[in-house]
Structures are given as C-alpha cells and as structure tokens.
Amino acid sequence: MGYVLFGDDWVNAYKESLGRSAEYRKAAAKWEWPLVLKVQKDPSLGLPDDLAVYLDLWHGECRGARVATAADLESAPYIVSADAFTWKQVLEKKMEPIGGIVRGKLKLARGSIITLAGYVQAAKYLVEAATEVATDFPGGL
C-alpha cells in the first residue's frame with residue numbers, strides 16, 4: 001500500500017526522497033525554476049479533476065513541495081503534463097521524461113524544451129527519487 005499519486009502524503013515523501021539524492025543535487029546544480037507535474041483528469045479512473053504537484057527547485061535543492069494551487073498553475077515557469085498511465089510508465093522507469101516530451105507522450109505545457117534538454121540527468125534523478133515513494137495510481141493502474 002502506498003501514497004495516492006500527487007496527493008499530500010505522496011508529495012511530502014517525494015520531497016524527502018529528493019532531499020536525500022546527492023545525484024540530483026549535483027545534476028541540478030544550475031536549475032533555478034519551479035516545476036509543476038500534472039496528471040490530466042480522467043473520470044474513467046476516478047480523477048474528476050487534474051492533479052498537480054508544485055516543486056520549488058533551486059540549484060539542486062527542493063526548497064518546497066506541495067499539491068499545486070491554481071496560482072501555482074498560473075505562475076510556474078515549467079509545467080509537465082500527462083495522463084495517469086503515462087506518469088505510471090515514467091515512475092516505473094519504462095519512459096524517460098525528456099524523451100517522453102520529445103515523443104509527445106508527456107506534454108511540456110509551459111517552459112523551454114531547449115533548457116530542459118540541458119538537464120537530462122537531473123530529470124533522471126527526479127524520477128529516481130519519485131520511484132522511492134510507494135505510489136497508488138488512480139483507477140488501479
């Protein structure tokens with residue numbers, strides 16, 4: 001039994017996991033922007049609304065993490081969005097996030113793909129940290 005994907009407890013566990021990652025700190029040493037990860041609503045999976053996580057990422061540190069607010073969605077310079085199945089593939093390491101964006105599986109709803117391309121290793125370790133969190137996916141995925 002795990003935490004509900006992108007729920008409060010999941011977010012807290014993810015922040016702790018990121019904080020333990022020396023690899024992430026090194027790979028993201030020059031990253032300076034908040035990031036929102038969003039799961040698109042899917043009523044067939046019991047998701048009547050989008051779910052989103054706001055990560056305050058700065059120079060390899062996660063200074064804060066929370067379930068994203070409407071204001072976060074308006075102001076975040078980077079938003080990555082996908083359906084629940086795609087996020088499950090990412091968190092099971094079956095899809096690399098930057099490659100998923102390039103192939104159109106994950107959507108870069110806001111931000112620069114050129115900038116993101118310089119942080120492939122940081123993205124890898126963001127995912128690594130997330131895989132350490134026991135996750136319950138919507139709709140029994």
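Two strands count as paired if DSSP finds at least two bridges between them; strands (E, at least two residues) and helices (H or I, at least four) are DSSP runs, numbered from the N terminus. The model is a predicted one, so local features need pLDDT of at least 70 and side-chain atom pairs count only at pLDDT 80 or more, while totals for chains, interfaces and linings use all residues. Residue numbers start from 1 along each chain as its sequence is written, and side-chain values rest on heavy atoms, with hydrogens and water left out.

On that footing, β2 and β3 run antiparallel and are joined by five bridges, with leucine 35 opposite leucine 55 in β3. On to β5: five bridges again link β2 to β5, but here the strands run parallel, and lysine 38 stands opposite serine 81 in β5. Strand β3 (residues 51–58) also pairs with β4, in the antiparallel sense, over six bridges, and leucine 55 faces alanine 65 in β4. Put together, this gives an open sheet of five strands in the order β4-β3-β2-β5-β6, with mixed pairing. The edges are taken by β4 (61–67) and β6 (107–110), each with a single partner strand, so one side of each has no neighbour in the sheet. From one strand to the next the twist averages 25°.

In a regular strand the side chains alternate between the two faces of the sheet. Strand β2 has both faces covered: Leu35, Leu37 and Val39 on one side and Val36 and Lys38 on the other are all buried (under 20% relative accessible area with a 1.4 Å probe, protein chains only; exposed means over 50%, partly exposed in between). Five of the five residues of β2 are buried, so the strand is largely enclosed by the rest of the structure.

Two helices lie across the sheet strands. Helix α1 (residues 8–19) lies across β3 and β4 and runs at about 175° to β4, whereas helix α4 (residues 84–91) lies across β2 (35–39) and β5 (78–82), at about 105° to β5. These angles run from 0 to 180 degrees between N-to-C directions, with axes as lines fitted to C-alpha atoms, for helices over the stretch in contact.

As for the packing, the largest nonpolar core has 42 residues, of which Trp10, Tyr14, Leu55, Leu57 and Trp87 touch the most other members. Such a core is a set of buried Ala, Val, Leu, Ile, Met, Phe, Trp, Tyr and Cys residues joined through side-chain atoms within 4.5 Å. Its largest share, seven residues, comes from α7. Leaving aside neighbours within four places in sequence, leucine 55 is in contact (heavy atoms within 4.5 Å) with Tyr14, Pro34, Leu35, Leu37, Cys62, Gly64 and Ala65.

Two loop residues have unusual backbone signs to mention. Histidine 59, in the loop between β3 and β4, has a phi near 50°, a positive value in a residue other than glycine; histidine 59 is partly exposed, with a relative accessible area of 33%. Lysine 93, in the loop between α4 and α5 (97–102), likewise is not a glycine yet has a positive phi of about 60°.
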